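Reader: I'd like a close look at one part of this model, and then how that part sits in the rest of the chain. Here's what I have on screen.

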Amino acid sequence: MDSHTLKEQIELLIDLQAKEIEANQIKAELERIPARLEEMQAGFAQIQNRLEEKKALIEAWKKTYRAHEADIQTNQSRIQKRESQLRSVKTNQEYRAILKEIGDIKTASSGIEDSMLQCLDDMEAAEKDMAELNSEHQQAQAEISEKQKELEDYADDRRKAYDRLMAEREEIVKHINSDMLKKYNFVKNQIAGMKAIVAAKDAICMGCHMNIPPQLYNELHRGDELKFCPHCHRILYVL
Ligand SMILES: [Zn+2]
C-alpha cells in the first residue's frame, strides 16, 4: 500500500472526501425526516381537534334539548292538574286565578318550544359542518398515510445509499497510508465539516480563496511532498 505515489494517495483522499461529504448530506437529510413527519401529523391533529369540538357542541345541544323536553312535560302535567282543579272551584276569583296560571304556563311552554326549534336548527347546521369535517378528516388521513409511506420509502433508500457510501469509504481507507489518513483527519477536524483537501488553481487556494506563495505553488507542482495552504491549513493539490 505504501508503494502508492503521492498523486495516487491524493486521488484517494479526494475520493474519500467526496464519499464523506455525500454521506454527511444524506445523514443530515435523514435527521430532518422525523420533523417533516411531525409537521404532517400536526395539520391532521388540527382537523381532529375541530371535529372533537364540534362533537362536544352537538352533545351539549342534545342535552339542552332533552332538558327542554322534560320542562315541557312538567308544564303539561301542571296544566292538567290546574284543569282538574277548575272543576271543583267555588268562586269566580279562584277560577280566574287558575285560568291565569294555566295561561302563564302555556306562555312559558311556548317560549321553551321556540328554544327547542332553534336548538334543532343549530344541531342540523353543526351536523352538516361535522359531515364536512369528517370527509376532510378522512381525506387528510389518506393523504398523510400516503405521504408518510413515500417519506419512509425515501428514507429507506437514503439509508441504503448511506450504507453503500460508508462501505465504499471503508474500501478507500484501506488503500490510504496511515500517516496520510492521520493528516487528512486532523485537518478535517480542524475545519469542522468543510473540505479538508482542496485544489490550488492559478495559485489560489480553492478552500479559502487566498493566494498561494509562488514557491509553494511550484513545490506543489513538483508533487513530491504533501503541502498545506499557509492561510487555512487545508491539504492542497494541483490538477
Ligand atoms: Zn487555503
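In which helix is the place of Thr74? Start there and work outwards, please.

Author: Happy to, with the reminder that this is a predicted model. Thr74 has its place in helix α1, which runs over 6–86. As for its surroundings, 12 other C-beta atoms lie within 10 Å of Thr74, and since exposed means 12 or fewer, Thr74 counts as exposed. For a sense of distance, take Glu29: Thr74 is 45 residues away from Glu29 in sequence, and their C-alpha atoms are 68 Å apart in space.

Now zoom out. The C-alpha atoms of the protein chain take up a box of roughly 135 × 35 × 25 Å along the principal axes. Its radius of gyration is 42 Å, while a compact globule of 239 residues would come out near 18 Å. Buried residues account for 10% of the 239 residues. The chain splits into domain 1 (19–175) and domain 2 (177–239), whose centres, over C-alpha atoms, are 64 Å apart.

Helix α1 also has a part in the largest nonpolar core. That core has 17 residues, and the ones touching the most other members are Leu13, Tyr184, Ile197, Cys205, Ile235 and Leu236. At least two residues each come from α1, α3 (178–190), β1 (197–201) and β4 (235–237), with α1 giving the largest share, 4 residues. Ile197 is a handy place to see this: leaving out residues up to four places away in sequence, Ile197 touches Leu13, Ile14, Gln17, Tyr184, Arg234, Ile235 and Tyr237.

Two of those contributors, β1 and β4, belong to an open sheet of 4 strands in the order β2-β1-β4-β3, with mixed pairing. The edges are β2 (204–205) and β3 (227–228); each has a single partner strand, so one side of each has no neighbour in the sheet. β3 pairs with β4 in the antiparallel sense over 2 bridges, and Phe228 has Ile235 of β4 as its bridge partner.

Then there's α3, which is easy to check by length. Its 13 residues should span 18 Å at 1.5 Å a residue, and the end C-alpha atoms are 18 Å apart, so the two agree. After α3 comes Ala192, with a positive phi near 40°.

To place all this along the chain, there are 4 helices and 4 strands, running α-α-α-β-β-α-β-β from the N terminus. Among contacts between residues at least 6 apart in sequence, 71% join residues at least 24 apart.

Terms used: Residues are numbered from 1 along each chain as its sequence is written. This is a predicted model: local features need pLDDT of at least 70, side-chain atom pairs count only at pLDDT 80 or more; totals for chains, interfaces and linings use all residues. Domain bounds come from an automatic or database domain assignment. A nonpolar core is a set of buried Ala, Val, Leu, Ile, Met, Phe, Trp, Tyr and Cys residues joined through C-beta atoms within 7 Å. A residue is buried if 20 or more other C-beta atoms lie within 10 Å of its own, exposed if 12 or fewer, and partly exposed in between; C-beta atoms are placed from the backbone. Two residues are in contact if their C-beta atoms, placed from the backbone, lie within 7 Å. The expected span of a helix is 1.5 Å times one less than its number of residues. Two strands pair if DSSP finds at least two bridges between them. The radius of gyration is taken over C-alpha atoms; the globule rule is 2.2 Å times the number of residues to the power 0.38.
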